Amino acid sequence: MTFDYRGLDTLGEEFLLFAAAVGVALLLREARDEELGRPEDAVDGEAIRATGLGAVGLTVVLGLYVVAHGPMTPGGGFQGGVVLAAAVALVYVAGSYRAFRRVSPTALLDLAKGAGAGGFVLVAIAGLAAGGSFLENVLPLGTPGTLASAGTIPLLNAATGLEVAAAFTLLFTEFVEELQQARLEGRG
Amino acid sequence: MHVLVPLAVAVPLLAAAAIAAANQRMRPGVDDGVAIAAAAATAALCMLLVLRTGNRPVDVFFGGWRPRGGVALGIAFSVEPLSASLAALAAVLTAAALVFAWRSFADAGSLFHVLMLVFLAGMVAFALAGDLFTMFVFFELMGVAAFALTAYRSDSPGPLQGALNFAVTNSIAAFLILTGIGLLYGRTGALNLAQVGEALAHRRSDGLVVVAFCLLVVGFLVKAGVVPFHFWLSDAYAVAPIPVCVLLSGAMSDLGIHGIARVYWDVFSGPLAPHAEAVRLTLVVLGVASALVGAAMSFLEAGLKRMLAFVTISNAGVFLAGTALLTPRAFAGTSISVVAQGCLRGAIFLVLGTVVHRLERGDELTLHGRARPYVVTGAVFGLAVLGLAGLPPFGPFLGSALVTDAARRLGDGWLPPLVAAAVALSSASLLRAGGRVFLGLGTRDDPLLTRAQEEASAEEPETPVSGRPPLALTPAGALVAVGLALGVVPAVATHARVAAARFENRPAYAAEVLHGRKPAPAPRLEGYRPPAAGWAYGATSTAGALALAALGLYRPRLPLGLRRVAGRALGPPVAVLRTVHSGVVGDYVTWLAFGAAALGGIFVLTLR
Amino acid sequence: MSFLPYAAATLILLTGLYGVVTSRNLVHLVVCLTVAQSSTYVLLLAIGYRNRATAPIFSDVPRGTRAVDPVVQALTLTDIVVGVAVAALLLALAIDVQKKTGTLDPDELRTMHG
């Protein structure tokens, strides 16, 4: 329902998060010294790192599951996307800053965010192009209860999941970068 | 036609997503080009919609969910000339602003363009939406993009303060709107405007309907910047970069008034019909108060952007008063004024941007005489301001003539003089500024005026100085031409009146949206000739503006005795006004709460 | 009993607004704003709730089973996303303010007046 008859609202909502991530990037990126160096900010304690990094894999699977099963169970693009972003954040929280930056390069995040947002719009236009209306379903409906059912809804879910995950990770990244810079400057 | 409507929203969004995805990997100038092309394309689409929906409004249901049995589950966009013209205005202003910003804002990657395009998409979707929740979502989308853009050039505390006040007050406004929507959904089980209106129409209005109306109206009034919800506006416009101000001033405030009109006519006109007089009186008084306060504050200001912010507030008050008269003639006049003045104010901001960019100061007194070499720029500015002042026979004049006509027919003869006074005063401040800056007239200093904040941070350029001055004159000139021409083209008034009559006809709208019934063919109206009173008021407000501007320019040279008397009479109110605009966000929220409570109280007492 | 959620929503809204008005720290202000927004969640969910109804998914229950209103849940979800977006931006603004002026007190940011 979020993706079908109130699909336009979901499009707006998705772009809202997109705009917020872009806005935060706009505000914080330019004011920051890009040459941050590679601060050594890692978690002590082998036990935490082991548990945390193990949990990352599980969280990613959970996130993907939630995104894919959107049409059938509570969940969907937004919730799944947040879980995926949390998985990436776990790398920082339970691991080290360097590892975190390695899995979340800014260029990739920007690409993912734009692709997710644009993807949603393109699927919607596909409905228009196929002679129906914007956001109308153009794929076969399949059997209810299976993964490949509900027409375009899984595609929209996937696009949203991608965009939300990227946007949230971007937000988190920006704030972490600020934290690192503050530490570097001794503001703690 | 059904294809074009969603494209008007999809095109800017797709362009924004594409630019964001390729961020920092594009050659400089490509992002400008894509953004301007997208904005121009949207403008063309919207203008096409204006022209083609005159006879037959278009209702688009997304996802193919057409209504069945009078129940609309899907989201609808109701496109008719008045809302499409607002969308077109937003798109044209965005294109103009982006041309101005060409290469001036290259240092943040292309994020600026992304946000401008998202802002545009939000405005277009809000203007065209026919569903309560969709209006809310895109209201917030507009807001989020606007907050970020306002804080854009954040190298001094100034922009942050303005953006903060903007964000907090507009977010609270959004919650209030959402609460109102929730209440309506609870009562009627529907979110589609027509369906909610149908469901409410056949019952008396009761507490819940009144509360929902109040919440929705307050939320939109905050966006429109009507007193006492306007404080954030002056702070935000004063600090936002010029391209953003063009959009905020030219289109965003007007969308707030449009929201009120839509919601009133499509949802509440049924149950509130017996109390229309009360609604009219309350909102008209609020509008007039806003117009006068805004005008007064603009006259007391030397900072050019802040002055324009107050002029916008004053104009928004006039629009509210016109819309609140609740007749097709008045609404048609207001709609014409909105578009014409939006274009003119946008042009003025662009001109200001050029001046400030070249001279690196944004204060009327500091710039005294320094823009004398810029003759063409000054001429464009002068034309735009005279148009705003209601010079016959141009766009704003036609709009106010229609409103004056409507007011007099309703017996509200007290309205036009007050409106004319407000218009005269607000235009006078701009004329005074123009006189000082472009012609070197007037005294070099005036202690009465509030100076622009930049004096504190001396060498702060207003826009990042790039090698190439921004291309402002062509878009500004084009906007002025459109704004003035709207009054001269005869078809405009007729079409506006027909569209306004349709807009205000709720049962026909509901039948058309829910049951697909074709609307009755448009009645043939003969060309509109403004009555003598309209001409009189137009001439008076222009003359008044010129006179007050002269007064403002030479005020310190008036005889001391005269100034003392005026000071004693006007001093206390001016001091109160100044203190109230404190800049502290807590104060603004308090005013919001107080205003909401007061308005709610009035509505509850008068609308049962 | 039935007006309890609405009373709760009003109370939360007023508490949040009071916090915003009297706040002396920008981060506190953002949190109060979020609290005020959560009153809308309570209100919306209260509107959609039905006694002894189940989740609105029909894959394993027969059609026609009493379910709570899904539209309201979608509205609330959107509302939450909106809240997050605004909070993120405001917090970024707060960070910027801290960097530029060294203070987080809204009263001290009095660069705008009259």
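**Group meeting: three helical chains**

In chain C, 53% of the contacts with a separation of 6 or more join residues 24 or more positions apart. That is my way in today. One caution before I go on: this is a predicted model.

Let me stay with chain C for a moment. Its secondary structure is three helices and zero strands. From the N terminus, the order reads α-α-α. Of its 114 residues, 39% are buried.

Now chain A. Here we have six helices and zero strands. The run from the N terminus is α-α-α-α-α-α. Chain A has 188 residues, and 50% of them are buried. Take its contacts with a separation of 6 or more: 73% are between residues 24 or more positions apart.

On to chain B. It has 22 helices and three strands. Of its 608 residues, 66% are buried. For the same kind of contacts, separation of 6 or more, residues 24 or more positions apart account for 86%. The C-alpha atoms fill a box of roughly 70 × 60 × 50 Å along the principal axes.

What radius of gyration would a compact globule with 608 residues have? Near 25 Å, and chain B comes in at 23 Å, so the two agree.

Next, one helix pair in chain B. Helix H3(B) covers residues 81–100, and helix H4(B) covers residues 111–128. Their axes are 8 Å apart, and the packing angle is about 170°. An angle over 145 degrees counts as roughly antiparallel, and H3(B) and H4(B) are therefore roughly antiparallel to each other.

Which residues make that contact? On the H3(B) side, they are Ser83(B), Ala84(B), Leu86(B), Ala87(B), Ala90(B), Ala91(B), Thr94(B) and Leu98(B). On the H4(B) side, they are His113(B), Met116(B), Leu120(B), Met123(B), Val124(B), Ala127(B) and Leu128(B). By class, that is twelve nonpolar residues, three polar and no charged ones.

Some of those names come back in the core. The largest nonpolar core has 337 residues. The members that touch the most other members are Ala19(A), Ala87(B), Leu115(B), Val118(B), Met123(B), Val124(B) and Leu89(C). Read the chain letters there: A, B and C each appear.

Zoom in on Leu115(B). Leave out residues up to four places away in sequence. From chain A, Leu115(B) touches Ala19(A), Val22(A), Gly23(A) and Leu26(A). From chain B, it touches Ala145(B), Ala148(B) and Leu149(B).

Now two backbone points for anyone setting up a calculation. First, some background. Most residues other than glycine have a negative phi, and most peptide bonds are trans.

Point one is a proline. The peptide bond from Val227(B) to Pro228(B) is cis, with omega near -5°. Pro228(B) sits in the loop between helix H8 (207–224) and helix H9 (231–239) of chain B.

Point two is a leucine. Leu326(B) is not a glycine, yet its phi is positive, about 65°. Its place is the loop between helix H12 (304–324) and helix H13 (328–359) of chain B. Is Leu326(B) buried or exposed? Buried, because 21 other C-beta atoms lie within 10 Å, and the cut-off is 20 or more.

Helix H13 of chain B also holds Leu359(B). Leu359(B) counts as partly exposed, with 16 C-beta neighbours inside 10 Å. Twelve residues along the chain from Leu359(B) is Ala371(B), and their C-alpha atoms are separated by 8.0 Å. Beyond its neighbours within four places in sequence, Leu359(B) is in contact with Leu367(B), Arg370(B) and Ala371(B).

Then Val492(B), in helix H18 (residues 490–503) of chain B. Val492(B) is buried, with 22 other C-beta atoms within 10 Å. Setting aside neighbours within four places, its contacts are Ile336(B) and Leu486(B). How far apart in space are Val492(B) and Tyr237(B)? Their C-alpha atoms are 31 Å apart, and in sequence they are 255 residues apart.

Last residue: Val3(B). It belongs to the segment before helix H1 (4–21) of chain B. With 14 other C-beta atoms within 10 Å, Val3(B) is partly exposed. Val3(B) and Val60(B) are 57 residues apart in sequence, with 8.8 Å between their C-alpha atoms.

To wrap up, two items to keep in mind. The bond into Pro228(B) is cis, and Leu326(B) has a positive phi. Thanks, that's it from me.

Note on methods:
Residues are numbered from 1 along each chain as its sequence is written. Chains are lettered from A and ligands numbered from 1 in the order in which they are written. This is a predicted model: local features need pLDDT of at least 70, side-chain atom pairs count only at pLDDT 80 or more; totals for chains, interfaces and linings use all residues. Axes are lines fitted to C-alpha atoms, for helices over the stretch in contact, and angles run from 0 to 180 degrees between N-to-C directions. Helices (H or I, at least four residues) and strands (E, at least two) are DSSP runs, numbered from the N terminus. Angles under 35 degrees count as roughly parallel, over 145 as roughly antiparallel, 65 to 115 as roughly perpendicular and the rest as oblique. Two residues are in contact if their C-beta atoms, placed from the backbone, lie within 7 Å. Ala, Val, Leu, Ile, Met, Phe, Trp, Tyr, Cys and Pro count as nonpolar, Asp, Glu, Lys and Arg as charged, and the others, Gly among them, as polar. The radius of gyration is taken over C-alpha atoms; the globule rule is 2.2 Å times the number of residues to the power 0.38. A residue is buried if 20 or more other C-beta atoms lie within 10 Å of its own, exposed if 12 or fewer, and partly exposed in between; C-beta atoms are placed from the backbone. A nonpolar core is a set of buried Ala, Val, Leu, Ile, Met, Phe, Trp, Tyr and Cys residues joined through C-beta atoms within 7 Å.
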